[in-house]
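This report goes through a single protein chain, from its overall make-up down to individual side chains. Please keep the sequence and the coordinates at hand while reading.

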Amino acid sequence: MTRRRRARAGAACRRAVYALLAACILTGPPATSQVVLDSEERRELEADIDRYEDLQAARRQELAEIEAALGETAALLQQRIADRNQVSAELAERR
């Protein structure tokens with residue numbers, strides 16, 4: 001799955017959760033009374049929460065992998081710069 005596709009999936013999931021929460025707020029009883037969810041609604045909300053948490057965990061893992069790859073790339077670039085500087089110094093000595 002590409003980064004853009006995962007970002008769209010994550011955004012779609014967030015929108016779905018927000019829409020679900022908004023629907024619960026708008027269709028629920030007044031704020032002064034206790035909100036009572038039947039078991040079906042509760043299961044659906046808990047399933048949505050679980051899916052969202054799974055998406056968050058996957059996203060954190062992806063970010064960790066990207067950061068690790070960037071760290072490796074930075075180390076390689078630093079080594080190449082050091083090698084280039086050494087060659088430049090050697091050439092300057094020979095002149």
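The sections below cover the chain, its second helix, the salt bridges, a surface patch and some contacts.

## Chain overview

The model is predicted. Its chain has 2 helices and 0 strands. Of the 95 residues, 7% count as buried. The chain exposes about 8,400 Å², and carbon and sulfur atoms supply 56% of that area.

## Helix H2

Helix H2 covers residues 39-94. The end C-alpha atoms of H2 are 82 Å apart. At 1.5 Å a residue, the 56 residues of this helix should span 82 Å, so the distance in the model agrees with the expected span.

The buried residues of H2 are Leu 45, Asp 48 and Glu 62. Asp 48 is taken up again below, with its salt-bridge partner.

## Salt bridges

The structure holds 4 salt bridges. Those described here include the pair Glu 40 and Arg 43, whose closest N and O atoms are 3.0 Å apart. Both residues lie in helix H2, at a separation of 3 residues, or about one turn of the helix. Glu 40 is partly exposed, its relative accessible area being 40%. Arg 43 is partly exposed too, at 48% relative accessibility.

Arg 42 forms a salt bridge with Glu 46, and here the closest N and O atoms are 3.2 Å apart. These two residues are 4 residues apart in helix H2, so about one helical turn separates them. Arg 42 has a relative accessible area of 48% and is therefore partly exposed. Glu 46, at 37% relative accessibility, also counts as partly exposed.

## The pair Arg 51 and Asp 48

Another of the salt bridges joins Arg 51 to Asp 48, with the closest N and O atoms 2.1 Å apart. The partners are 3 residues apart in helix H2, which means a separation of about one helical turn.

Are the two partners buried or exposed, or do they fall in between? Arg 51 is partly exposed, with a relative accessible area of 46%. Asp 48 counts as buried because its relative accessibility is 19%, while the cut-off for that class is under 20%.

## Nonpolar surface patch

Which residues form a nonpolar patch on the surface? The patch consists of Leu 63, Ile 66 and Leu 70. Together they have about 250 Å² of accessible area.

Leu 70 belongs to helix H2. Its relative accessible area is 55%, and exposed means over 50%, so Leu 70 is exposed.

## Contacts of H2 with earlier residues

Tyr 52 is located in helix H2. This tyrosine counts as partly exposed, at 23% relative accessibility. Which residues does Tyr 52 touch, not counting those up to four places away in sequence? With that exclusion, Tyr 52 touches Cys 13, Arg 14 and Val 17. The C-alpha atoms of Tyr 52 and Arg 14 are separated by 7.5 Å, although the two residues are 38 residues apart along the chain.

Val 17 also figures in a distance to Arg 51. Arg 51 is found in helix H2, and 34 residues along the chain lie between its position and that of Val 17, counted as a separation in sequence. The C-alpha atoms of Arg 51 and Val 17 are separated by 9.8 Å. Arg 51 is thus listed both in the salt bridge with Asp 48 and in this C-alpha distance to Val 17.

Definitions and conventions: Residues numbered from 1 in each chain as written. Predicted model: local features only at pLDDT ≥ 70, side-chain atom pairs only at ≥ 80, totals over all residues. Heavy atoms only, no water. Salt bridge = Lys/Arg side-chain N within 4 Å of Asp/Glu carboxyl O. Buried < 20%, exposed > 50% of the residue type's maximum accessible area, 1.4 Å probe, protein only. Patch = residues over 30% accessible without salt bridge, like charges linked within 9 Å, V, L, I, M, F, W, Y side chains within 5 Å. Areas by Shrake-Rupley, 256 points an atom, 1.4 Å probe, with all protein chains shown as cover. Contact = heavy atoms within 4.5 Å. Expected span 1.5 Å × (residues − 1).
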